[in-house]
Amino acid sequence: MAESLTDTAPIAADVPRYDVRAAEPRWQRAWAERGCFRVEDVPADGRPKYYVLEMFPYPSGKIHMGHVRNYTLGDVVARYKRARGFSVMHPMGWDAFGLPAENAARERGIHPAKWTWENIATMRAELQRMGLSLDWQREFATCDPAYYGHQQKLFLDFLRAGLVERKESWVNWDPVDGTVLANEQVIDGRGWRSGALVEKKQLSQWFLKITDYAEELLAALDTLDRWPERVRLMQAKWIGRSEGARLAFALAQPENGIAEVEVYTTRPDTLFGMSFLALAPEHPLSAAAAARDPKAGEFIAECRRLGTSEAVIETAEKQGYDTGLRVRHPFLKDTAGQAVSFPVWIANFVLMEYGTGAIFGCPAHDQRDLDFARKYRLGVVPVVLPPGENPATFSIGSEAYVGPGTIFNSGFMDGLDVEAAKRAVIAELERLGVGHGEVNWRLRDWGVSRQRYWGCPIPVIHCDACGVVPVPDEQLPVKLPDDVTFDRPGNPLDHHPTWKHVACPRCDKPARRETDTFDTFVDSSWYFARFCSPLADEPVARDAVDHWMPVDQYIGGIEHAILHLLYSRFFTRAMKRTGHLDVDEPFAGLFTQGMVTHESYRTAPGPNAMWLYPDEVVKQPDGTATHRTTGEPVVVGRVEAMSKSKRNTVDPKAIIARYGADTARWFILSDNPPERDMEWTEAGVAGAFRFTQRVFRLVEGLGEPAPAPAPGLDPGVDPGVGRAKPADFSETARVLRRVTHRTIASVTEALESFAFNVAVARLYEFANAIAEADPVGPLRGPTKSGGGGADDAGGLAWARREAVEILARLISPMMPHLAEEVHARLHPGGERLVAELPWPAADPDLLVAETLTIAVQVMGKLRGTISVPPGVTAGTAIQIARTEPNVARALEGKRIVKEIYVPNRIVNFVVAG
RNA sequence: GCCCGCCUGGCGGAACGGUAGACGCAGCGGACUUAAAAUCCGCAGCCAGUUGGCGUGGGGGUUCGAGUCCCCCGGCGGGCACCA
């Protein structure tokens, strides 16, 4: 069926057909030649700035539908804002470092650089074919030393500012990729790319101190009022602020020199309910215990082995080992006045990374502690009495009590409520010098070291004499060597014969270059700032970032809600501290788009069942499907995110080649709201294509081109299309003009609120209305009427030209090529492109209908409608409403208790009897 | 387990508390055509079947009036998940 839309389909000679393939590249050239989308680093034209940015792509090979959706959304905003008089910066670049390039090198022997740059060339051409209003002069790739050299400079500035730390730390080790992963890259205990079970390993790593900004990053979320609420919630949760206390427990007997254990708790008010202390397996005291007790060592080893993988299995059985050590309670005394002591356990559920790596267990008021206590038969002492409970009889069963109440069994805290008790116990701990109130964060410092070749080298040198020495600024960039091999696992930079052997910049003795490279999230944490001055010989030019930053509208997938956005927020603050820019937040507005989905198809079930690409499948009218070549039945599967493994992908390049960029853009915008997942369907694309042809026929239907414009009129701006406006309009013409101007208003409103699907719907209605206002008919077909020669009685021809002109301008953010084509046909010899024209303004006089249709209800039920002139009085409207036959019938025999009139909207009669 | 979001025809979805289902897709009937495609005209929530009744996951409430606001319940989707 879709075959009919290819160039093999015969087109009737009298049907004008818009030749997409010729027209679109022509307009793309016109925009490029006239530099429509170029802006200066520091513009002097005084227009307000607007920075639109979509998350830049990883050059994986070719663009996919997710890119098409993302960049179409951004382009609609860019083109619309440009028309609204903003100086719009809309750049594009490449997030070009990363593992797939190395995988290609290992699997196919292609050098990562060659693979990456070839992909960039391919994808650039595909993006250009989409007709995006990008300033290509700003393009860069992060794998270019001209970019990453500045990144190295930023790192050294951060280092000097105390924002970088090198520390020995437990890291997540991906045994398949042979690299360290950030916590965020571990999903359910597995590497986010390889899917391999992650192991714990201790390494010396570079960290960026994002935790220095935890408080700020959390607090500033409240200022991001143009961010989706859920993204802010996700970030707040990720940063994870908690208030509590840190306190030290003295060991009854010191163990291997360790005399006390610090714990962190958010419930210091339950301190008297303690029955044990639990250590993380990686805790130093655990190690000390293991040194004496081999069984403790075995338990720790078991935890390390199962640790993360066990968490996956949800059963998450709490396990512990009693070290035999005991700690003294700071307050509880026995009858002899001696401090009461509690056992010290090693427990698999205590995390070394959070708090102090040790907790005190209060089973009565913490479910996890309760489970542990029940399993190992430890004490359960309630200390918070729920309202209405009797202290003599209240006890804990299998559920911990975590609600509010009155403290009891707790010495000096007895009788206080939970919050007051927290304050009291913290004061007491501070008085005794054994603890203090403390805010804790879930956020961890950002480990940026990766044992990888295809990334930005970390610019430091390790010298046996001088220690870690930063590469001097004048030696930047530290370039990746090209001559590397991938014939063995691990980091090729490590195996390189010469690259890492350098003289120490400080003492000149032989030293080693750092062979780790940066996490690629570093590359994407400041690219938006680099776009402001992509050629600057420093990371950013201050005057350029001062002008353009922050990004006014950032658009991308929800999958970056936490990491990329949080890192970018941190980088912006770090760059501010090091004097590179002067904003706190990089993205003033954020929009997160939904995924593009498609039906999936597979061959008949069985051992050889395989996924099929959509273009291998023919859908039958009855909803079933068969294989295009074999005719075998095909199982139509779920609609799900496009993925290579399910083969439910549609190649944008093929779609654009067949239907044109405008059709792809229009369809991807039309189907549903952009924040939701959308389903790509062949029928939907075909429908969008039909619309492009219909718009084209509308302009053809106007007949002769307009005569030469009247002097003094700018042919591009004048919506009257270069003709004198008639003195009088017929009713049809008046109605059309009102539709035209109401459409300007409604499309504008829809675009402002990202309701692009609604904007599209309004434009369909508008096109229908223009076709229906045809003085001759047939209404929606190719017509020869309405040319508007000398006798344009009733001004209908003028009104139709105005309507088509406005239609072209209103579709231009979504279908820019078709807009230019239509506009050019209305203005032969015209001087300006639609891309250079201001957004049309609605005539306020035409926004109100000549007559209003008002609903009439009786007791809130619709009984009829009436026509009234605008501004009718309540009395008149009600009078007319009463006489409407159907309303009158409903009112018969009833007593009207109340008459409600909402101007221009509704009449409602409240009746009795 | 906690947090968030969503639930409207066959489908995607519209709808300042005011005519629910705009617009599109799919469908049906008709015109044009030797025929098909394309195009055009018309129909289309459900049940009764010309003036009616019922309808926005279910139940309650506020209101002259509820898809929209409030409460309870159900379902679906997403995020986080031993965070002390």
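A polar contact is a pair of N or O atoms within 3.5 Å; within protein, one must be able to donate a hydrogen and the other to accept it, and residues adjacent in sequence count only if both atoms are side-chain atoms. This is a predicted model, in which local features need pLDDT of at least 70 and side-chain atom pairs count only at pLDDT 80 or more, while totals for chains, interfaces and linings use all residues. Side-chain values use heavy atoms, without hydrogens and water.

Three polar contacts with RNA strand B are listed below.

| Residue | Protein atom | Atom of RNA strand B | Distance |
|---|---|---|---|
| T265 | polar side-chain atom | sugar or linking oxygen | 3.0 Å |
| D671 | backbone N or O atom | sugar or linking oxygen | 2.8 Å |
| E765 | side-chain N or O atom | sugar or linking oxygen | 2.8 Å |

T265 is also among the residues that come nearest to RNA strand B, together with T266, L351, R905 and N908, out of 53 around the strand. Sugar and phosphate make up 63% of the strand atoms that come within 4 Å of the protein. Helix α21 (residues 756–772) supplies six residues, the largest share of the surface near the strand. Here, near means that a heavy atom of the residue lies within 4 Å, and helices are DSSP runs of H or I with at least four residues.

Away from the RNA, F97 lies in the loop between β2 (87–89) and α3 (99–108), where strands are DSSP E runs of at least two residues. F97 is buried, at 1% relative accessible area; buried means under 20% (1.4 Å probe, protein chains only). The C-alpha atoms of F97 and R431 are separated by 54 Å.

Key. Residues are numbered from 1 along each chain as its sequence is written. Chains are lettered from A and ligands numbered from 1 in the order in which they are written. Buried means under 20% relative accessible area, exposed over 50%, partly exposed in between (1.4 Å probe, protein chains only).
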